[in-house]
Amino acid sequence: MVKTSLVMEQIIAGALLLGFDRFYSADITLLAEDFVKKNPSYELKDLDWKCIYRYIKSKNGEITLKDGLTMESYIPEESSNLRKILEQIAGARIRKYINALDIEEFVLRKINKHIELSESDIQRLYCDKQQEILKILDEKGYLTRYWEDDCIYDDYRITKLSNQGKLRLFKIDYAEELTRFIEELKSMRYDTSLLDDFLLKQDLELPVWSILNVEALDNFCKEYDRAHLEVGASSVYYERLKSQKGSIFDKNGKKIMQDMLSVWDDGHCIYICHPNHIFAGAKPITKDVREIKNINWNDIDIEKMFRINDYKTFTLPECNEAFKYVHSRLGHQIMQEVKKGNKETAVSYLAIVEKYHFDYEDYYLVRGIIRGDYKGYSISFNPEYQKVIPQSVWDKSLRFSGYEVPNTYCLKRKK
């Protein structure tokens with residue numbers, strides 16, 4: 001990609017326009033690095049500073065305006081004041097950059113470069129405007145200040161970034177990675193409000209993906225006894241259905257599948273759909289999250305399922321047709337992945353949703369999730385549904401005739 005070239009004196013003009021009445025090469029370097037990072041189609045060249053040198057001087061590495069000049073000084077040969085001249089030197093792109101510049105971020109980065117500062121360092125290396133920002137950063141908890149060797153004299157007071165300050169920079173530098181990680185956590189139904197506390201305990205100098213990973217967060221929660229799931233969410237436990245010779249399932253496996261797919265009550269029906277189409281909030285299955293390990297069974301959006309319209313409805317007590325649909329849909333998805341060579345990650349899910357009628361309205365309950373992989377099927381029941389599965393022929397008869405209605409179906413649930 002061909003880049004547009006700008007020159008360093010435009011950055012110097014920008015620094016003066018920012019209100020830096022004195023600054024050093026470190027300031028210019030930081031501004032230049034930040035500009036190129038935020039404007040990747042541009043490059044900065046250190047050419048002759050012939051325009052800006054008419055108005056600045058440099059002594060012992062410190063750059064200031066020449067004696068007698070202020071931003072409002074009138075320059076007769078240019079028929080303009082100095083501010084307008086500097087704006088012209090800076091150019092439109094640099095002016096746009098400095099107008100949007102986060103001064104707090106700039107000062108945080110400058111402190112981070114210096115690692116730690118004495119009071120004399122601050123007076124010497126930080127202009128008045130930057131020192132005002134230091135006070136704001138200190139109030140926000142982004143700085144740590146202490147006296148070296150317990151000395152009470154100001155000259156021995158040390159200033160450095162606090163963990164909160166380092167975290168602020170980490171969030172800026174890895175905004176995209178953080179967004180992706182937060183979406184991953186939401187899909188897994190983790191409590192994302194833990195993230196700041198978690199990051200404050202990490203070594204933020206490590207590679208970003210060694211910090212932003214679920215295992216590290218789990219370890220943090222265990223060490224500090226923190227609940228990691230969002231309110232209402234719970235872990236999903238799957239039971240592997242076993243097969244027997246000549247049949248997909250053994251006796252127990254058949255019963256479990258029947259428990260999931262049979263319609264027990266007159267007027268009820270079940271819908272079979274992808275979990276992403278029924279659960280509200282973040283999708284439980286994404287490119288980064290391929291397994292459903294946690295879910296909030298009650299957090300559903302039935303209108304989303306109807307809107308997407310990729311589901312099948314079943315109303316019969318016998319579950320044969322429902323299972324044929326499950327077997328066909330999951331089997332096709334799994335075989336597609338196996339053919340691609342993704343045998344170990346060939347996993348797919350379906351959610352089973354039951355509709356019931358109460359107080360003249362329709363309500364919905366997720367019965368559970370069916371998980372399919374190349375080894376077969378696993379089932380996870382919603383505990384609320386599992387406790388009302390009929391356990392005998394007599395129970396089934398009472399249920400379908402309407403003589404018995406479990407309390408689970410006498411609730412007005414969120415739709």
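Helix α4 supplies the largest share of the lining of the largest cavity, three residues. The model is predicted. Two cavities of 30 Å³ or more were found in a search of the whole structure. The largest has a volume of about 40 Å³.

Eight positions are named in its wall: Leu30, Asp34, Tyr97, Leu101, Asp102, Glu105, Phe106 and Arg109 line the largest cavity. Both α2 (25-38) and α4 (103-114) contribute at least two residues each to this lining. By class, the lining comprises four nonpolar and four charged residues, with no polar ones.

Helix α4 was examined further. Its 12 residues should span 16 Å at 1.5 Å a residue, and the end C-alpha atoms lie 17 Å apart, which agrees. Nine of the 12 residues are buried, so α4 is largely enclosed by the rest of the structure. The buried set is Ile103, Glu104, Glu105, Phe106, Val107, Leu108, Arg109, Lys110 and Ile111. Among them, Glu105, Phe106 and Arg109 also line the largest cavity.

The two ends of α4 were then considered. Asp102 caps the N-terminal end, with a side-chain oxygen 3.0 Å from the backbone nitrogen of Glu104. Asp102 is also one of the residues lining the largest cavity. Ile115 follows α4 and has a positive phi, near 70 degrees.

The second largest cavity holds about 30 Å³ of space. Its lining consists of Ser187, Met188, Pro284, Glu291, Ile292, Lys293 and Asn294. These residues divide into three nonpolar, two polar and two charged.

Technical notes: Residues are numbered from 1 along each chain as its sequence is written. This is a predicted model: local features need pLDDT of at least 70, side-chain atom pairs count only at pLDDT 80 or more; totals for chains, interfaces and linings use all residues. Side-chain values use heavy atoms; hydrogens and water are left out. On a 1 Å grid over the protein atoms alone, a cavity is a set of points where a 1.4 Å probe fits but cannot get out, and a pocket is an open set with protein on both sides within 12 Å along at least five of seven lines; lining residues have an atom within 4 Å of a point. Grid points are joined across faces, edges and corners, and a volume is the space filled by probe spheres set on the points. Helices (H or I, at least four residues) and strands (E, at least two) are DSSP runs, numbered from the N terminus. Ala, Val, Leu, Ile, Met, Phe, Trp, Tyr, Cys and Pro count as nonpolar, Asp, Glu, Lys and Arg as charged, and the others, Gly among them, as polar. The expected span of a helix is 1.5 Å times one less than its number of residues. Buried means under 20% relative accessible area, exposed over 50%, partly exposed in between (1.4 Å probe, protein chains only). A polar contact is a pair of N or O atoms within 3.5 Å; within protein, one must be able to donate a hydrogen and the other to accept it, and residues adjacent in sequence count only if both atoms are side-chain atoms.
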